[in-house]
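Here is a short briefing on one protein chain. Please keep the sequence and the model in view while reading.

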Amino acid sequence: MFDVLICMHVLSIFMVLISLIVMFRGEATYGQKLLSYFMIAELVHSVGYLLELFSKTMEEALIAVKFEYLGSSLVAIFYMMFIGYYCGNKERKLFERILLICTLIGVIMVWTTPAHGLFYKSIGFEKVDFNYRLVLEYGPYFYFHCLVAIVIPWFVVAWTLFQALRKEKEKKKRKNLY
């Protein structure tokens, strides 16, 4: 099962790379750039996760997790920005920048974790069957980071899509009345 997971993960990384190569040909609109940023963030996250799966020491796994956070912290925010643009919503630059700054602080905290216990209180490493895994005890900033980098952007995506569908239904109703 582990080998199937690895194969699927490597295949998805190659598919993202091919998509990026196709997108980088020619001129890009703002929407295409946002989608590219989203895909690059997901690519960095996927490569970091793949490295974590293959890590044999705690240091290797911790470096891989740090790279995962470089990508995963930005995935939902860039997707939120893309969906907002795609649905024709006005840009919320201040809101987006606040989310990006809070996420950047979270990434810095992950990279400086040994110096404080704000993101991870403790870090362990154990062997499970034939694989190794990190055992992490989360600190207080971890939950704030999840709120800022995951919950809020996905909530905004869901709300944006809900609003877009509602507007589309209203347009169809008006069209049918005339």
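How much accessible surface does the protein chain have, and what share of that surface belongs to carbon and sulfur atoms? The accessible surface is about 11700 Å², and carbon and sulfur atoms hold 69% of it. The model is predicted. The points below run from the whole chain to single residues.

**Overall build**

- The protein chain has five helices and two strands.
- Their order along the sequence is α-α-α-α-β-β-α.
- The C-alpha trace spans about 70 × 35 × 30 Å along its principal axes.
- Of the 178 residues in the protein chain, 34% are buried.
- Take the contacts between residues at least 6 apart in sequence: 61% of these join residues at least 24 apart.
- The chain carries 19 positive and 14 negative charges, and the mean positions of the two sets lie 15 Å apart.

**Helix H2**

- Helix H2 covers residues 30–54, which makes 25 residues.
- At 1.5 Å a residue, H2 should span 36 Å. Its end C-alpha atoms are 36 Å apart, so the model agrees with the expected span.
- The buried residues of H2 include Gly31, Leu34, Ser36, Phe38 and Met39. Also among them are Ala41, Leu43, Ser46 and Gly48. Leu50, Glu52 and Leu53 are buried too.
- In an α-helix there are 3.6 residues a turn, so residues three or four places apart point the same way.

**The loop between H2 and H3**

- Threonine 57 sits in the loop between H2 and H3.
- Threonine 57 counts as partly exposed because its relative accessibility is 32%, between the cut-offs of 20% and 50%.
- Threonine 57 and phenylalanine 125 are 68 residues apart along the chain, yet their C-alpha atoms are separated by 7.7 Å.

**Isoleucine 83 in helix H3**

- Helix H3 covers residues 58–86, and isoleucine 83 has its place there.
- Isoleucine 83 counts as buried because its relative accessibility is 6%, under the 20% cut-off.
- Leaving aside residues up to four places away in sequence, isoleucine 83 touches Val157, Thr160 and Leu161.
- From isoleucine 83 to leucine 35 the C-alpha distance is 9.2 Å, with their positions 48 residues apart in sequence.

**Valine 135 in strand S2**

- Strand S2 runs over residues 131–138 and holds valine 135.
- Valine 135 is partly exposed, with a relative accessible area of 36%.
- Beyond residues up to four places away in sequence, valine 135 touches Ser122, Ile123, Gly124, Phe125 and Glu126.
- Methionine 58 is 77 residues from valine 135 in sequence, and their C-alpha atoms are 9.7 Å apart.
- Phenylalanine 125 thus appears twice: valine 135 touches Phe125, and the C-alpha of phenylalanine 125 is 7.7 Å from that of threonine 57.

**Cysteines**

- How many disulfides does the structure hold? The count is zero.
- Cysteine 146 is in no disulfide. Its nearest cysteine sulfur belongs to cysteine 102 and is 13 Å away.
- Cysteine 7 counts as exposed because its relative accessibility is 54%, over the 50% cut-off.

Note on methods:
Residues numbered from 1 in each chain as written. Predicted model: local features only at pLDDT ≥ 70, side-chain atom pairs only at ≥ 80, totals over all residues. Heavy atoms only, no water. Helix = DSSP H or I, 4+ residues; strand = E, 2+ residues; numbered from the N terminus. Expected span 1.5 Å × (residues − 1). Buried < 20%, exposed > 50% of the residue type's maximum accessible area, 1.4 Å probe, protein only. Contact = heavy atoms within 4.5 Å. Areas by Shrake-Rupley, 256 points an atom, 1.4 Å probe, with all protein chains shown as cover. Lys, Arg positive; Asp, Glu negative; His and termini not counted. Charge placed at Lys NZ, Arg CZ, Asp CG, Glu CD. Disulfide = S-S within 2.5 Å.
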